[in-house]
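Trainee: I'm new to this one and would like a close look at a single part before I take on the rest. Could you walk me through it slowly?

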Amino acid sequence: MKLRKLRVLGLRAVFIPIIFLCLFIAPAWPEDSPVEVTMEVSGYILIMLGMGIRIWSSLYIGARKSKQLVTEGPYSLCRNPLYLGTFAIVVGAGLSLINLPMAVFMLLGYIPVHILVARAEERHLAEIFGQEYQDYRRSTPAFIPALRNYHSPDQVLVSASAIRRVAMDASLVLMIPLVGELVELLRNLNIMPVLWRFP
């Protein structure tokens, strides 16, 4: 099974419970309380940070994935910047939707799937690039960026397909706050019930 398919299947397995949590669970504290505003703003910041990391990483790796070992730009900071960006988006989505149970469930689904896929990708890259990859692996952390490692050329060749993919991803991610506002509106109009309030 291809690595991308493995990741997609794993994420789909947690998608339905996440939708349920998003639609039918709400916080017990009052609307526009300091806690809610803090969570929402923090969530938006994390979403934008995560999307920025994903765009930056996608432009560097472009069509070179599995054809050339990319060790520059975001890939000089950590080996899995795309997953780091997705992690920030996942946490940000849960916070911006003001839904702690959903954020926790998303993380419980996200972390194991991406750790397994990252390990499988590392074995694949080691097979393709051999000692070059092993040297890169020893000098660059997996997920937590090492800022002292940063290096980049002045110019990077970007593929048109990478730009299209990034634009599509960004469009979908930027809909998260709109979904949150729609759910809140439907609850205020008593169209959508709240089955459980936390904490």
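How many residues does helix 4 have, and how far does helix 4 reach from its first C-alpha to its last?

Mentor: Sure. Before you trust any of it, remember that this is a predicted model, with local features needing pLDDT of at least 70, side-chain atom pairs counting only at pLDDT 80 or more, and totals for chains, interfaces and linings using all residues. Numbering starts from 1 along each chain as its sequence is written, and side-chain values use heavy atoms, with hydrogens and water left out.

Now your helix. Helix 4 has 16 residues and spans 22 Å from its first C-alpha to its last, close to the 22 Å expected at 1.5 Å a residue (1.5 Å times one less than the number of residues). Helix 4 is also mostly covered, with 14 of its 16 residues buried (under 20% relative accessible area, while exposed is over 50% and partly exposed lies in between, with a 1.4 Å probe and protein chains only).

Next, look at what comes just after helix 4: Ile-98 takes a positive phi of about 50° there. Most residues other than glycine have a negative phi, so that spot deserves a second glance. Ile-98 sits in the loop between helix 4 (81–96) and helix 5, and at 5% relative accessibility Ile-98 counts as buried. For a contrast, try Asn-190, which has a positive phi of about 60° although it is not a glycine. You'll find Asn-190 in the loop between helix 8 (176–188) and strand 2 (196–198), and Asn-190 is exposed, with a relative accessible area of 69%.

Past the Ile-98 loop you run into helix 5, with 30 residues reaching 41 Å from first C-alpha to last, close to the 44 Å expected at 1.5 Å a residue. Behind helix 5 comes Gly-130, with a positive phi near 55°. Then helix 6 takes over: the axes of helix 5 (residues 100–129) and helix 6 (residues 131–139) come within 6 Å and cross at roughly 135°. Helix 5 and helix 6 are therefore oblique to each other (under 35 degrees is roughly parallel, over 145 roughly antiparallel, 65 to 115 roughly perpendicular, and the rest oblique). On the helix 5 side, the contact (heavy atoms within 4.5 Å) is made by Glu-122, Leu-125, Ala-126 and Phe-129; on the helix 6 side it is made by Gln-131, Glu-132, Tyr-133, Gln-134 and Arg-137.

Compare that with another pair. Helix 2 (residues 34–61) and helix 7 (residues 160–173) pack at about 170°, with their axes 9 Å apart, and are therefore roughly antiparallel to each other. Helix 2 brings residues including Ile-47, Met-51 and Arg-54 to that contact, and helix 7 brings residues including Ala-162, Val-166 and Asp-169.

Finally, step back to the whole chain. The protein chain has eight helices and two strands (DSSP runs of at least four residues for H or I and at least two for E, numbered from the N terminus). From the N terminus on, the order is α-β-α-α-α-α-α-α-α-β. The C-alpha atoms fill a box of roughly 60 × 35 × 30 Å along the principal axes, and buried residues make up 41% of the 199 in the chain.

How values were computed. Axes fitted to C-alpha atoms, helices over the stretch in contact; angles between N-to-C directions.
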